[in-house]
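Here is a short, friendly walk through one protein model. Have the sequence and the 3D view open side by side as you read.

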Amino acid sequence: MYLRGVHAESSIRVLRQLVRDHPLGVLTTAIRSKLAPFILSSHIPFLLDVEDENSEEELGVLRGHIARQNPQSKVLIEAAQASSASTPNVLEEEVLVLFTAPAQHYVTPKFYKETKPTTGKVPTSLEA
């Protein structure tokens, strides 16, 4: 999803607080396996460990739990066990974890037709 700079949060402290306030994340992986589909997502509660709370740079470590029966868990275990000898049991692939705040808003196309009757279109970054 494209986010304009004015809508993107860049403060690490604020982002860490978002994770703490809303710890249910969506873990998404894209790992090739014969065990399950390529792209998998699971809702997982996470804990965020941070050594220096005052740091604006430390991202911290996310810790979560996923049931072994979950196909995504099986794929993660398989991929970690297949990692290189220099870094055993380390997942080489990137994963995506999404956290959302409770305030969600959907703007219907009708809104733009009513508020922008000349174009009826969503303003783009070039127009705004």
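## The loop between α2 and β4

Ala85 sits in the loop that runs between α2 and β4. Is Ala85 buried or exposed? Its relative accessible area is 78%, and the cut-off for exposed is over 50%, so Ala85 counts as exposed. Please keep in mind that this is a predicted model, so every value here is computed from predicted coordinates. If you look for Thr108, you will find that Ala85 and Thr108 are 23 residues apart in sequence, while their C-alpha atoms are 52 Å apart in space.

Ser86 is also found in the loop between α2 and β4. With a relative accessibility of 66%, Ser86 is classed as exposed, because the class begins over 50%. Along the chain, Ser86 and Val19 are separated by 67 residues, and their C-alpha atoms are 32 Å from each other.

## The sheet

Now turn to the strands. In what order do the 4 strands of the open sheet lie? The order is β3-β2-β1-β4, and the pairing is antiparallel. β3 and β4 are the edge strands, each pairing on one side only. From one strand to the next, the twist averages 45 degrees.

Strand β1 covers residues 24–30 and is joined to β2 by 7 bridges, with the two strands running antiparallel. One position to find on screen is Thr29, which stands opposite Leu40 in β2. β1 is also joined to β4, by 4 bridges, and this pair runs antiparallel as well. Here Val26 stands opposite Leu98 in β4, and Thr28 stands opposite Leu96 in β4. As a rule for reading such pairs, side chains in a regular strand alternate between the two faces of the sheet.

## Ser41 in β2

Ser41 belongs to strand β2. How accessible is Ser41? Its relative accessibility is 45%, and the partly exposed class lies between under 20% for buried and over 50% for exposed, so Ser41 counts as partly exposed.

Which residues does Ser41 touch, once its neighbours within four places in sequence are left aside? Ser41 is in contact with Val26, Leu27, Thr28 and Gln72. For Val26, the C-alpha to C-alpha distance to Ser41 is 6.3 Å, although the two are 15 residues apart in sequence. Val26 therefore appears twice in this report: it is in contact with Ser41, and it stands opposite Leu98 in β4.

## The second largest pocket

The second largest pocket has a volume of about 410 Å³. Its lining is made up of 17 residues, and those nearest the centre are Leu27, Gly64, Ile66, Leu76 and Leu91. Leu27 may be familiar by now, as one of the residues in contact with Ser41.

Which elements each supply at least two residues of this lining? They are β2 (39–49), β3 (61–64), α2 (71–81) and β4 (95–98). Sorted by class, the lining holds 11 nonpolar, 3 polar and 3 charged residues.

Key
Residues are numbered from 1 along each chain as its sequence is written. This is a predicted model: local features need pLDDT of at least 70, side-chain atom pairs count only at pLDDT 80 or more; totals for chains, interfaces and linings use all residues. Side-chain values use heavy atoms; hydrogens and water are left out. On a 1 Å grid over the protein atoms alone, a cavity is a set of points where a 1.4 Å probe fits but cannot get out, and a pocket is an open set with protein on both sides within 12 Å along at least five of seven lines; lining residues have an atom within 4 Å of a point. Grid points are joined across faces, edges and corners, and a volume is the space filled by probe spheres set on the points. Ala, Val, Leu, Ile, Met, Phe, Trp, Tyr, Cys and Pro count as nonpolar, Asp, Glu, Lys and Arg as charged, and the others, Gly among them, as polar. Two strands pair if DSSP finds at least two bridges between them. Axes are lines fitted to C-alpha atoms, for helices over the stretch in contact, and angles run from 0 to 180 degrees between N-to-C directions. Buried means under 20% relative accessible area, exposed over 50%, partly exposed in between (1.4 Å probe, protein chains only). Contact means heavy atoms within 4.5 Å.
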